[in-house]
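Please open the structure in your viewer and keep the selection tool at hand, as this tour moves from one selection to the next.

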Amino acid sequence: MTRILITGAASGIGKACAEHFDTAGADLVLVDRNRDALAKVAGEHEHHIADVADAGFWSRLDPGPLDGAIVNAGIGSAAPITDLTFEDWRKVMAVNLDGAFLTLQAALRHATEEASIVTIASASGLKAIPQTAAYGTSKAALIHLTKVAAAEAASRRIRVNAIAPGGVDTPIWDPMVDPAQGREKFMRAMEATVPIGRYAQPDEIARQAAFLMSEAAATITGSVLVCDGGFTL
């Protein structure tokens, strides 16, 4: 049975990935900070309540041989550089970059031969967008980290790829919504910036991750699948 590690599994893209691979019959190791939400997603699968930026957690975790991993946990941020506090900068980097490094490191250490790893980056790591200094920089660094990992793991026939979504309709947007505007109006305004006119749904990203982890993508490694509805054109 395929065994897959997924971080940030309690909501959004991580939850969609967990549901997709559960339906496919995979054995899952799920990680998230949200105890109650993770328990609902995990069911009988192994799961851990943890901060992905906690190096101690990863040093203690023994997930067993892994056939795949989805490095997904992340948080958002929105502020111009002049207003961004160093505390907020470090908070984003801790989760989105340090946590991704620790997850990727653990996944590589426990990966079986021909395992496949997918990191969830962002179109913000490819395009300079105002007020995304922390988030965009963390995702740009994650893309490069993915490529380095792919180069290092290739001799073991382990593939490492990134997905760079544009907007995805997940709870990551909720803290940015003006209550006077409402979430639906906010999301419609955001979607208007996308050439195809809509954001992706989490299950669409999950299926794209499944493709990259499948035999159909057996020769794809070190690549970035940009799935942004044309946002970076």
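Select Cys227 first, bearing in mind that the model is predicted: its sulfur lies 11 Å from the closest cysteine sulfur, that of Cys17, and because a disulfide requires sulfur atoms within 2.5 Å, this is too far for a bond. Cys227 counts as buried because its relative accessibility is 14%. Turn next to Cys17, which is likewise in no disulfide and which counts as buried, at 0% relative accessibility. A search of the whole structure finds 0 disulfides.

Now move to the largest nonpolar core, which holds 37 residues, and select Leu5, Val31, Trp58, Leu108, Ile117, Ile158 and Val160, the residues that touch the most other members. To see where this core comes from, colour the elements that each give two or more residues to it: strand 2 (27-32), helix 3 (55-60), strand 4 (66-71), helix 4 (86-110), strand 5 (111-120), helix 5 (133-153) and strand 6 (159-165). Helix 4 deserves a separate selection, since the largest share of this core, 8 residues, comes from that helix.

Which residues would you find around Ile158, once its neighbours within four places in sequence are left aside? Display its surroundings, and you will see contacts with Leu108, Ala111, Thr112, Glu114, Ala115, Ile117, Ala153 and Thr221.

As a last stop, select Ile6, Phe21, Leu28 and Ala210, which are among the 28 residues of a second, separate core. As background to both stops, nonpolar side chains tend to be buried together in soluble globular proteins.

Definitions and conventions. Residues numbered from 1 in each chain as written. Predicted model: local features only at pLDDT ≥ 70, side-chain atom pairs only at ≥ 80, totals over all residues. Heavy atoms only, no water. Buried < 20%, exposed > 50% of the residue type's maximum accessible area, 1.4 Å probe, protein only. Core = buried A, V, L, I, M, F, W, Y, C linked by side-chain atoms within 4.5 Å. Helix = DSSP H or I, 4+ residues; strand = E, 2+ residues; numbered from the N terminus. Contact = heavy atoms within 4.5 Å.
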